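Here's a quick briefing to read with the model open beside you. Have a look at the fold, then work down the topics below.

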Amino acid sequence: MAQIPSPGSIIVADWHLCKDSKEYFTKILHKKRRKQFGLLESPMMSPIAAVDTVQYKIFLSGKSGVGKTSVVARLAGVNIPSMHYETIGKILSISVSLKAKILYSNLVFCLGIETTIVYWPVKIKDSGRVLFFRLQLWDCGENALRRFDHMLPSCKEEVDAVLLLFSFTDLTSFEDLPNQISKWTGPSLVKVVVGTKFDLFMHCDVAEREVRAFRATWGLPLLRVGGEVSDGLGDVAPLLNCLCENLWHQDCLRARAERDHAQTETTDTYL
């Protein structure tokens, strides 16, 4: 199992509360609300404060009704659906590529999949470098995954991270987590567990001792979210920071391994 970085060891924790972050976070806000970014849109920075953007594909996994669509809405800063509905479908952007300065997109209709773009600025702790993380969130209805065999392979293709969701009000969704984890393998795949409906403690079916036992067994980051959004950026910062920190950590490990491999090959050539 890949080493999980401790929270705040790689990126500046609660950077959204620091004064020097204001010029970056204002680029993802409009009238104190989150901007909604389309496929070809991005935060516009001045040339002096231009920052690099890193892109990742994130899939949300979990039983129907655990709150995948609500978590996407929370992370994107849009209104959370008041009623549950099975994710149906939208025109889905499958790929975007930049060649010879010509930007094009391949659009395909996929029943049961919805994608949402979320931008989140992060400051790297050691270097002080600021990055915009472009997270493409893939939300797929459970029934659609069961009906169409091609959908799960499409969701897994070039995926960088998976959010494994369970509901604190549904014990079966928590017990299903090992099954969910088994579907997602790969040494460089980031896995983050998210417990939804944490604020509905009167209806909680998952005991804290069970959560502690799960974390001890699997060693995965586990975060909790409630139903209502109450604190703006602070409401989503823990989850987005955790996700970005683990993604950047995996990229650094991959780059280090590739560099070591290249050095080994060079050394062998001269021997």
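How many helices and strands does the chain have? This is a predicted model, and its chain has eight helices and 10 strands. Of the 271 residues, 41% count as buried. Among contacts with a separation of 6 or more, 73% are between residues 24 or more positions apart. The accessible surface comes to about 15200 Å², and carbon and sulfur atoms hold 55% of that.

**Strands 6 and 7**

- Strand 6 (residues 113-123) pairs with strand 7 (residues 130-140) in the antiparallel sense, with 11 bridges joining them.
- If you want a spot to check the register, take Val122, whose bridge partner in strand 7 is Leu131.
- Six residues sit between the two strands of this hairpin, and Gly128 has a positive phi there, near 75°.
- Strand 6 is mostly covered, with eight of its 11 residues buried.

**Strands 8, 9 and 10**

- Strand 9 (190-196) is largely enclosed by the rest of the structure, because seven of its seven residues are buried.
- In a regular strand, side chains alternate between the two faces of the sheet.
- Here both faces of strand 9 are covered: one side has Val190, Val192, Val194 and Thr196, the other has Lys191, Val193 and Gly195, and all of these are buried.
- Strand 9 runs parallel to strand 8, and the pairing takes in seven bridges; Leu165 has Val194 of strand 9 as its bridge partner.
- Strand 9 also pairs in the parallel sense with strand 10 (residues 222-224), over three bridges, and Gly195 stands opposite Arg224 of strand 10.

**The nonpolar cores**

- Nonpolar side chains tend to be buried together in soluble globular proteins.
- Which residues have the most contacts inside the largest nonpolar core? They are Trp120, Phe133 and Leu135, in a core of 49 residues.
- Several elements give two or more residues to this core, including helix 1 (22-25), strand 3 (52-61), helix 2, strand 6 and strand 7.
- Helix 8 (233-270) is another of those elements, and its 10 residues are the largest share of the core.
- Leu135 gives a good view of the packing: beyond its neighbours within four places in sequence, it is in contact with Tyr56, Ile58, Thr116, Ile117, Val118, Leu240, Leu243, Cys244 and Leu247.
- There's also a second, separate core of 22 residues, with Met151, Val162, Leu177 and Val211 among them.

**Helix 2**

- Helix 2 (residues 68-76) is mostly covered too, with eight of its nine residues buried.
- The buried ones are Lys68, Thr69, Val71, Val72, Ala73, Arg74, Leu75 and Ala76.
- Just after helix 2 comes Gly77, with a positive phi near 75°.

**Aromatic rings**

- The count of aromatic pairs comes to 13.
- One of them is Trp15 with Tyr24, a tilted pair at 5.5 Å centre to centre with 40° between the planes; both residues are buried.
- Phe166, Phe168, Phe174, Phe198, Phe214 and Trp218 make up one aromatic cluster.

**Cysteines**

- How many disulfides turn up in the whole structure? The search finds zero.
- Cys244 is in no disulfide, and its nearest cysteine sulfur, on Cys242, is 9.3 Å away.
- Is Cys244 buried or exposed? Cys244 counts as buried because its relative accessibility is 0%.
- Cys204, by contrast, is partly exposed, at 35% relative accessible area.

**Positive phi outside glycine**

- Lys31 has a positive phi near 55° even though it is a residue other than glycine.
- Lys31 is in the loop between strand 1 (29-30) and strand 2 (33-34), and its relative accessible area of 73% is why it counts as exposed.
- Glu158 also has a positive phi near 55° and is a residue other than glycine.
- Where does Glu158 lie? Its place is the loop between helix 4 (151-156) and strand 8, and Glu158 is exposed, with a relative accessible area of 69%.

Technical notes. Residues are numbered from 1 along each chain as its sequence is written. This is a predicted model: local features need pLDDT of at least 70, side-chain atom pairs count only at pLDDT 80 or more; totals for chains, interfaces and linings use all residues. Side-chain values use heavy atoms; hydrogens and water are left out. Buried means under 20% relative accessible area, exposed over 50%, partly exposed in between (1.4 Å probe, protein chains only). Helices (H or I, at least four residues) and strands (E, at least two) are DSSP runs, numbered from the N terminus. Contact means heavy atoms within 4.5 Å. Accessible areas come from the Shrake-Rupley method with a 1.4 Å probe; for residues, only the protein chains shown count as cover. A disulfide is a pair of cysteine sulfur atoms within 2.5 Å. Two strands pair if DSSP finds at least two bridges between them. A nonpolar core is a set of buried Ala, Val, Leu, Ile, Met, Phe, Trp, Tyr and Cys residues joined through side-chain atoms within 4.5 Å. Rings of Phe, Tyr and Trp (its six-membered ring) pair if their centres lie within 6.5 Å; planes under 30 degrees apart count as stacked, over 60 as edge-to-face and the rest as tilted.
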